[in-house]
Amino acid sequence: MQGAGLLERCGVSSQQPAENCATVTIHLPLRLSAGRYRLRRIYFVAYQLGMSRDWLGPKAAGSLAAYFLKFPLTIELACQLAHTPSISLARAGLLIEATMAMQAHFRGFASSIRSSGKNDTLGIYPRPRCGKTMMSPSKSARARWTQVACAVVVLLSCLSAACSSKQPATASARKSDGVPVAVALVGQKDVPLVIQVIGNVEAYATILVKARVNGQLTGVHFREGDYVRKGDLLFSLDPRPFEAQLNQAEANLARDDAQLNLAQANLNRDLAQQKYVQEQSERFARLFQDGIISKDQAEQTRTSADAIAHVVIADRAAVRSAEAAVGAGRAAVANAKVQLSYTTIASPIDGRTGNLALKEGNLVTANTTDLVTINQVKPVYVTFSAPEANLPPIKRYMAEGKLLVEASSQEGSSVKDTGYLTFVDNTVDPTTGTIKLKGTFTNEANQLWPGQFVRVALRLTTHVNALVVPNQAVQAGQDGVYVYVVKPDRSVESRPVTTGARLDEDVVIQKGLQAGEMVVTEGHLRLAPGMRVKPREEKGSSVKGPNKET
């Protein structure tokens, strides 16, 4: 059959999948020598063909449309074919053949009329010229009119039979057809209200180890990167010079202690002598009053008593000087011991060591040479900045209790460390409009490393039973964000929504949807409000609420 062959040459096959109707016009043969009006008609027919027949590919629809438009009388037939999916390929071929035959007869009849001198195809004859009369139509013309009429009758009967015999099938086909899309249900979840920013890990304490005395580095008692405890030995310096100083200080102390003992003995001796001379002077004074001894003798004894009293005072000063010398000696010994203790350097905190600046055998200078840096990583700080607009809710929720802070690596690791907000800066940075915050983490698993950039989530509160949909269900338009909602009759409507926070692959819907409604997640480009859809997959969103699960 010529019509069926035409369909096969155009690439029509029931195995071809449905494609977007908007792409049909891409395959139209634009090399046709037609005007803009004709090209628009080709677009229209191709669009109709592509919309009605899912098995008709874009290229085939464009070819058929271009072929139909070569015959003006087949435009309406093409539209009828487009809106009649129940017509099979064989019947479509018959209809095309009938149309082609009618077109051929019409062209032949028109040429015969022109050759016989008629003005048009309606049988209107020109007025007689020069007294001549026109002849009546020939028998061949009448035969052609009869064949055209028969072809029209056959064509109309085929169309009416096709439409009337398969009208229920057409209705059922239209009812079952639809654009394949992926859908999901509007669910409910307990969604936390979080502030998500990028933060930086800081050591809880950082110690820069330096030598406090000059000397040679004689021992390194750890390996670079080791975790050390408070009091663990790190470095050793040559102790011999400081041991000699300690011995010297101890010797000086012993000498001063001996001098103190000598001064104390002298004092005790002079105190005894003072006591005897004082008693003798008092006795001689009584004898002088009685006239037994002379005045000269009495004054000599009194002078001796006064002299010995001053000797006692001198002895006491000598004792105090000796005591001071002993104290200085003891301080020198203590200082020598301290200097000697500086020859061994221990860790002041629990932490992890860094790069070793000097190796064993090098000379170090007191308070100048950096030996190693120790960072305390248990616990650890995570410092981050939040917009100043979030400061009021942060203060409000901090007054209600501790705020939870979660930190994870930027690679999207599922392992998260949990801590608490412990610091809010007293000033908003005027250059950036942010407030500095700190969270404290125990870091038992050593996931957080000083200097590392991490994803920080500051949880303020939790919205119970919030409505959520997948992220891909929300589309952006000129009037804002919207979603396609599938109604019970499987038609879609575009509904504007108000979105909230995002949680993993879901987004919170604050306004515009209800729990249990079905939304489109894939296939938005082929949809328009009112179109029917065929859900390809229905994904239920989990509902985390009181005694609810979807």
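**Questions about a predicted model**

Reader: Where is the place of P379?

Author: This is a predicted model, so to speak of P379 is to speak of its place in that model. P379 is joined to K378 by a cis peptide bond, with omega at about 0°. As for its place, P379 sits in strand β9.

Reader: How many helices and strands are there in the protein?

Author: The protein has 550 residues, and 36% of them count as buried. Look at the contacts with a separation of 6 or more, and 75% of them come from residues 24 or more positions apart. As for the elements themselves, the count is ten helices and 20 strands.

Reader: How far apart are the end C-alpha atoms of helix α8?

Author: Helix α8 covers residues 240-290, which makes 51 residues. At 1.5 Å a residue, those should span 75 Å. The model agrees with that, because the end C-alpha atoms of α8 are separated by 76 Å.

Reader: What do the buried residues of α8 pack against?

Author: Start with who is buried in α8: among them are F242, L246, L253, L260, L267, V277 and F284. The list also includes D256, D270 and S281. Looking from the other helix, α8 is part of what covers the buried residues there. So the partner that the buried residues of α8 pack against is α9 (295-341).

Reader: And what span should the 47 residues of α9 have?

Author: Use 1.5 Å a residue again for α9. Its end C-alpha atoms turn out to be 70 Å apart, which agrees with the expected span. That expected span is 69 Å.

Reader: L271 is in helix α8, but which residues does it touch, not counting those up to four places away in sequence?

Author: L271 has 28% relative accessibility, so it counts as partly exposed. Its C-alpha atom is separated by 8.6 Å from that of V311, a residue 40 places away along the chain. One of the residues L271 touches is V312, which is itself among the buried residues of α9. With neighbours up to four places away left out, L271 touches V312 and R316.

Reader: Which residue takes a positive phi just after α8?

Author: Helix α8 runs over residues 240-290. Just after it comes a residue with a positive phi of about 80°. That residue is G291.

Reader: Within what arc do the buried residues of α10 fall?

Author: Helix α10 (residues 391-400) has L391, P393, I394 and Y397 as its buried residues. Seen down the axis, these line one face of the helix, because they keep within a limited arc. On the other side, K395 and A399 are exposed. The arc for the buried face is 160°.

Reader: N367 and N443 both have a positive phi without being glycines, so is N443 buried or exposed?

Author: N367, with a phi of about 60°, is in the loop between β8 (363-364) and β9, and its relative accessible area of 55% makes it exposed. N443, with a phi of about 55°, lies in the loop between β12 and β13. Its relative accessibility is 1%, and anything under 20% falls in one class, so N443 counts as buried.

Reader: Which side chain makes a polar contact with the side chain of T383?

Author: T383 is in strand β9, and at 10% relative accessibility it counts as buried. Setting aside residues up to four places away in sequence, T383 touches G199, N200, E202, K436, L437 and K438. The polar contact, at 3.2 Å, is with the side chain of E202.

Reader: What about E517, and which side chain does its side chain meet in a polar contact?

Author: E517 lies in the loop between β18 (506-511) and β19 (518-522). Beyond neighbours within four places in sequence, its contacts include A184, L185, V186 and V485. The polar contact is 2.9 Å long, and the partner is R495.

Reader: Which strand gives the most to the lining of the second largest pocket?

Author: This pocket has a volume of about 490 Å³. Of the 21 residues that line it, Q196, S408, K416, A457 and D504 are the closest to its centre. Strands β2, β10 (404-409), β13 and β17 (498-503) each supply at least two lining residues. The one giving the most, with six residues, is β2.

How values were computed: Residues are numbered from 1 along each chain as its sequence is written. Side-chain values use heavy atoms; hydrogens and water are left out. Helices (H or I, at least four residues) and strands (E, at least two) are DSSP runs, numbered from the N terminus. The expected span of a helix is 1.5 Å times one less than its number of residues. Buried means under 20% relative accessible area, exposed over 50%, partly exposed in between (1.4 Å probe, protein chains only). Contact means heavy atoms within 4.5 Å. The arc is that of the directions from the helix axis to the C-beta atoms. A polar contact is a pair of N or O atoms within 3.5 Å; within protein, one must be able to donate a hydrogen and the other to accept it, and residues adjacent in sequence count only if both atoms are side-chain atoms. On a 1 Å grid over the protein atoms alone, a cavity is a set of points where a 1.4 Å probe fits but cannot get out, and a pocket is an open set with protein on both sides within 12 Å along at least five of seven lines; lining residues have an atom within 4 Å of a point. Grid points are joined across faces, edges and corners, and a volume is the space filled by probe spheres set on the points.
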